[in-house]
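This report concerns selected local features of the structure shown below. Helix packing is treated before backbone geometry.

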Amino acid sequence: MSTHPNGTSVRIVLACLLGLGGCSTNNHPSRSDVLGEAMERFDADHNGYIEPNEYPAYHPVEQGFTDLDTNGDKRIDAEEMEAFLVNTKPREGWRSRGERDRERGDGPISTEERDDNPLPDAEE
Amino acid sequence: MRTILALIFGAACAQETPDAQGPPNILLISMDTVRADHTSVYGHHNNTTPNLAHIAKDGVIFQQAFSVANESAYSHAALFTGRYATELAYPNYRTFALPPEASTLPEMLQAYGYQTAGFIAGGHVDGGFGFDQGFDTFSAEIGYASFFSTAPKALAWLNEEKDPEEPWFVFLHSYDAHRPYKSIGPFHHLYGNTQPSLLSEHIANSPKSSEQVYDRIYYEEEDPRFFEHVSGSKIMSLDTYRTLQSSSESIEGQPLSDEDVVHIQDHYDACLTYGDLMLGLFIADLRERGDLDNTLIIVVSDHGEDLLDHEYMNHRTALYDSVVKVPMIVSGPGFPKGETYDGLVDINDVVSTVALAAGAKLPAGSRDRPLQKVITGQAPAAEHVFFEGVLDMIGVRTKTHKLIYRGIPLDTPDYIDGLEKAELNNGHFQFFDISTDPKEQTDLLLASPETDLPIAKSLKAAMVQWRGSIPQSSYRLPSDAVKPEVMEQMQEHGYWDSETE
C-alpha cells in the first residue's frame, strides 16, 4: 500500500471513503475474555487453571499461590484470579526481600550478599 | 497527492462530524511513564500490552508519537492545552503549575455542553498544581496509584452521576508503570526466568533507589537522603545527578550486572502488563454498558523511562527516545480501524483532535493540527517535534535525527541568543542519527565531529526558531497551593524536598 511521505497511507483514506471509519469501538473483548487472556499467560498446559508449577515466583515473600487459591484446591481458576485482581490493591501489602533486609537492620546490600545469597526458596 | 487525499477524505468522512451522530463522548487515557518500545503493540518482545492491541484494532496506531516533555506536570500541561509547558509557567519544575488563566481541554468541552470528569492517579497531576481546571468532577489519588484505583471511580461516575442526555469527557490516569516497579501476585515476576539478585530486587521495588544508579552502579547509604550528604543538593536538582556522576570516581558503589538490568526492566514490563490488564477490564466494562458507541478514545503516555539504556534509570534526566517516544492510539469517530500512521505527531496535537471531534472552537494558543486531518493529508505532519526537559535541556527530532541542548537553565537571560551562538562542539549538545542508531548510543558530535554536521546545524536552527516562537510565562506555583499529604507523597518518590519554594 502506498504511503505519502508525511505518513498518510492511501489505505487510511480508502477506509474513510468506504465507511470503515470507527464510529464505535465495539470489538474490544468482553471482561471474561480479557481475564481469560490474563489466565492464559500462566496456564501453560491450557487446562483452564494455574497450578503451582505454573505460578511465577522466586520466593514466598511475594503474594503467593495460596493467596489466590482461596478454596485451597491447589489450583487457581478464573474466578479466583478475578477476585484477586478486584480485591488486591497494587503496591500495598508486601515488601520485597531487599526492603525487609534493610528494615531488619542488615545494612546495605553488599556485593557479597548479592553474589553469595540468592533469594531463599522457603522462608517467612 | 495530498490535495487529492484531502478532497476524498473531506467527502468521505463527512458522516463522522458531530452533526451526524451528535457530539462524541471523549475518553482520554494517560498511562504515565510508558515508553512506546516496551509495549508489545509497538513491537516489544514481551507481550506487555495485549489490551492496547485490542484498542488499536479499532483505531489508528501512531508509530512516531512523542511527548513534548520528560516529566508529568510539563507533559500533562501540554496534553491539556496543546501548548508547551514553558508557554504556560515559568521554566522551573519546582514551581511549575498550570496557571488559572490557561485554557484547558476540559474547559473547552465544558463550554460546549460536555460533562467533564477527571480521575487522577495522584502525583504531580493534582488539583493543587492546577490540573483540576474545567472538570465538573475531579478525583485525585494520594500517591502514585494504579488504574486499579482510578478506573472503578470513572466507571461509577459513568454509571451513577453523568447525565445520559449529554456528551461526556473522561480523563483517566494511572501510574502503573511508574517506579517502584512492583506489581501484584503472579504479575510481579511475570517475565524472566533467572533467579534475581537482591540488588536488582531492591532497586526494582524501592520508590527511590532507582535514582541512585548511575552508569549501572548503585550508590546506596542507609539514609535515603544520601544525595544530601555528598552534595548538599536536593534530589530534584540537576547538581544531584552531576554529583552522582562525579562521585562515581571516589565512592564505591554496587555494580549492576547485565542480568540485573534485564531483571529490573522485566519488573517494569510486568507493571506495564498489569496496567494494561486493568485498562482492558475498564474498556470491556464500558463496552458492555454501551458507552463505547460514538466515543473517541485517545490513549497516550506523558513520557517514558530510560531503564538504564543510558546513564540513568529515570525519565527526568534525559530526552532520549526511551523517555519521549510514547504510545498514542486513537479510535472512534474520524479514525479508521486497524491502521497505522508513520508521520511525526506529539501530544500537543490532542487538544485540536478533540476539538474537531466535538465541534468545539480551539482554545487560544493551542496548536491546530488535529490528527484526523493529519492522517488523511489534510494537515501536514510535523517535520520536527520539540521537547522540554525539566533539568535544563531541550531537544528537537526529525524522523531520522535528534539534537539535544543541555546544561543551560531555560530561564537563563538571553537563552535563545546563547543557543544561537553556541558551537555544536561546546559540550552542551548531543546529536544522534536515529535511522542508524535508534537507541541513541553514539553521540555523533563526540564520535565524529564532522559527520552530518549540516543536519545538526539545521536542527539547531529549528530549535532556535522554536524557542523564539514561544512566549515565556512568569507564572509560579503559589507556595500554599498543594496539600501537605500530596507533597509528602511526592517527597517519598524523590520529586520534591522540604525546602521547595
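The paragraphs that follow describe a helix pair and then several backbone features.

The model is predicted. In chain B, helix 3 (residues 50-57) packs with helix 11 (residues 258-289) at an angle of about 40 degrees, and their axes are 7 Å apart. Helix 3 of chain B and helix 11 of chain B are therefore oblique to each other. Helix 3 of chain B contributes B:Pro50, B:Asn51, B:Leu52, B:His54 and B:Ile55 to the contact, while B:Asp276, B:Leu277, B:Leu279, B:Gly280 and B:Ile283 come from helix 11 of chain B. Classified by residue type, this contact of helix 3 with helix 11 of chain B comprises six nonpolar, three polar and one charged residues.

Turning to the backbone, a cis peptide bond runs from B:Arg179 to B:Pro180, with omega near 0 degrees. B:Pro180 belongs to the loop between strand 5 (168-174) and helix 8 (198-205) of chain B.

Positive phi values in residues other than glycine are listed here.

| Residue | Phi | Loop location |
|---|---|---|
| A:Lys74 | near 70 degrees | between helix 3 (65-68) and helix 4 (78-87) of chain A |
| B:Arg216 | near 65 degrees | between strand 6 (213-214) and strand 7 (217-218) of chain B |

Are these residues buried, partly exposed or exposed? A:Lys74 counts as exposed because it has 11 C-beta neighbours inside 10 Å, a class that requires 12 or fewer. B:Arg216 has 16 C-beta neighbours inside 10 Å and therefore counts as partly exposed.

Conventions. Residues are numbered from 1 along each chain as its sequence is written. Chains are lettered from A and ligands numbered from 1 in the order in which they are written. This is a predicted model: local features need pLDDT of at least 70, side-chain atom pairs count only at pLDDT 80 or more; totals for chains, interfaces and linings use all residues. Axes are lines fitted to C-alpha atoms, for helices over the stretch in contact, and angles run from 0 to 180 degrees between N-to-C directions. Helices (H or I, at least four residues) and strands (E, at least two) are DSSP runs, numbered from the N terminus. Angles under 35 degrees count as roughly parallel, over 145 as roughly antiparallel, 65 to 115 as roughly perpendicular and the rest as oblique. Two residues are in contact if their C-beta atoms, placed from the backbone, lie within 7 Å. Ala, Val, Leu, Ile, Met, Phe, Trp, Tyr, Cys and Pro count as nonpolar, Asp, Glu, Lys and Arg as charged, and the others, Gly among them, as polar. A residue is buried if 20 or more other C-beta atoms lie within 10 Å of its own, exposed if 12 or fewer, and partly exposed in between; C-beta atoms are placed from the backbone.
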